[in-house]
There are 2 protein chains.
Amino acid sequence: MDAELRAAHGLTVVGYEALLLLSEADERALRRIDLARGLGLTASGVTRLLDGLERAGLVEKRTCSEDARVTYAALTDAGAERLQRATCSHVGSARALFEDRYSEEELETLAELLGRLRQ
Amino acid sequence: MDAELRAAHGLTVVGYEALLLLSEADERALRRIDLARGLGLTASGVTRLLDGLERAGLVEKRTCSEDARVTYAALTDAGAERLQRATCSHVGSARALFEDRYSEEELETLAELLGRLRQ
DNA sequence: TGTGTATACTTGACTACGCAAGCAACTGTA
DNA sequence: TACAGTTGCTTGCGTAGTCAAGTATACACA
């Protein structure tokens with residue numbers, strides 16, 4: 001699935017999820033550290049991930065006026081567009097992966113059970 | 001958990017599982033390619049993994065008399081010992097991780113559901 | 001018997017992380 | 001107001017894995 005996403009849209013799954021989190025955030029921006037937590041990465045992992053996304057023009061830096069330590073990662077228009085294009089096929093293949101194997105009810109059970117692991 | 005295992009016994013989780021698979025195999029040996037499949041790695045991943053385990057003396061190479069292409073990975077006595085010592089704490093912490101969160105029944109459900117993914 | 005194809009394995013180059021250390025900026029406390 | 005501790009971020013280095021290509025062997029078949 002990662003390979004699929006990469007071939008079709010030049011995004012890794014983690015990159016995709018980063019864009020997704022940003023798209024759902026206020027002002028389409030998040031502090032890098034919050035993005036790290038959301039993705040289950042360390043701060044340095046995010047630095048490297050965003051390096052790539054910034055170079056591709058999908059995300060940009062934005063400073064914080066109240067706290068000079070923080071820099072926001074903000075989704076660009078190009079990033080939003082890329083996300084939208086990728087979402088179609090990605091959601092499709094994820095759906096296929098799961099809907100082939102599980103009923104609606106089983107999916108809910110699975111989600112609930114796995115959710116407990118991350119606490 | 002990986003960090004725990006590494007600190008206490010100098011093993012990664014994948015390394016531990018490799019030793020475990022070998023310990024359960026006939027003659028405590030497996031073709032490298034079968035080990036790869038069992039671990040969900042590629043052939044080159046196994047080459048690298050076994051590099052480390054061989055250097056540590058936990059696993060050794062053994063040739064195959066019927067097919068000169070294959071080389072077996074065989075558990076050494078040191079490897080069996082290390083596995084045994086690691087098993088105690090590793091199984092303990094895995095048990096803690098899951099038994100804190102799930103009932104017996106939920107564990108079975110989870111195992112069955114996740115099992116379907118790997119097909 | 002030679003040749004094409006498949007299999008087992010290794011190697012080099014690369015990616016995606018983590019950790020430790022360091023810097024700068026913020027905050028709480030004496 | 002000084003300073004100790006904390007937080008956000010980056011950088012250098014190490015690790016675990018992948019893929020592509022190469023080697024050696026095995027096998028099938030004209």
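The following questions and answers concern a predicted model of two protein chains with two DNA strands.

Reader: Which rotation superposes chain A on chain B?

Author: The superposition of chain A on chain B has an RMSD of 0.1 Å, and the shift along the axis is 0.0 Å. That is the relation of a two-fold axis. The rotation is one of 180 degrees.

Reader: Which residue of chain A comes closest to the rotation axis?

Author: The distance to the axis is taken at the C-alpha atom, and the closest approach by chain A is 3.4 Å. The residue at that distance is Leu110(A).

Reader: How many residues does each chain give to the contact between chain A and chain B, and how do those of chain A divide by class?

Author: Chain A gives eight residues and chain B gives eight residues. Of the interface residues of chain A, 100% are also interface residues in chain B, so the copies meet through the same surface. On the side of chain A that touches chain B, the classes are four nonpolar, one polar and three charged.

Reader: At what angle do helix H2 and helix H5 of chain A pack?

Author: Helix H2 of chain A covers residues 13–24, and helix H5 of chain A covers residues 77–99. Their axes lie 10 Å apart, and H2(A) passes H5(A) in a left-handed crossing. The angle is about 120 degrees.

Reader: Which residues of H2(A) make the contact with H5(A)?

Author: By class, this contact has six nonpolar, three polar and one charged residues. From H5(A) come Gly79(A), Ala80(A), Arg82(A), Leu83(A), Ala86(A) and His90(A). From H2(A) come Tyr16(A), Leu19(A), Leu20(A) and Ser23(A).

Reader: Which element gives the most to the surface near DNA strand C?

Author: DNA strand C is surrounded by 20 residues, and the closest are Ser44(A), Gly45(A), Ala68(A), Ile33(B) and Ser44(B). By class, this surface has seven nonpolar, seven polar and six charged residues. Two or more residues come from each of H4 of chain A, H3 of chain B and H4 of chain B. With four residues, the element that gives the most is H4(A).

Reader: Which element gives the most to the surface near DNA strand D?

Author: Around DNA strand D there are 21 residues, the closest being Arg32(A), Ile33(A), Ser44(A), Gly45(B) and Ala68(B). The surface near DNA strand D divides into seven nonpolar, eight polar and six charged residues. H3 and H4 of chain A, together with H4 of chain B, each give two or more residues. With five residues, the element that gives the most is H4(B).

How values were computed. Residues numbered from 1 in each chain as written. Chains lettered and ligands numbered in written order. Predicted model: local features only at pLDDT ≥ 70, side-chain atom pairs only at ≥ 80, totals over all residues. Contact = placed C-beta atoms within 7 Å. Nonpolar A, V, L, I, M, F, W, Y, C, P; charged D, E, K, R; others polar. Axes fitted to C-alpha atoms, helices over the stretch in contact; angles between N-to-C directions. Left-handed = near helix turned anticlockwise from the far one by under 90°. Near = placed C-beta within 6 Å. Least-squares fit on C-alpha atoms with pLDDT ≥ 70 in both.
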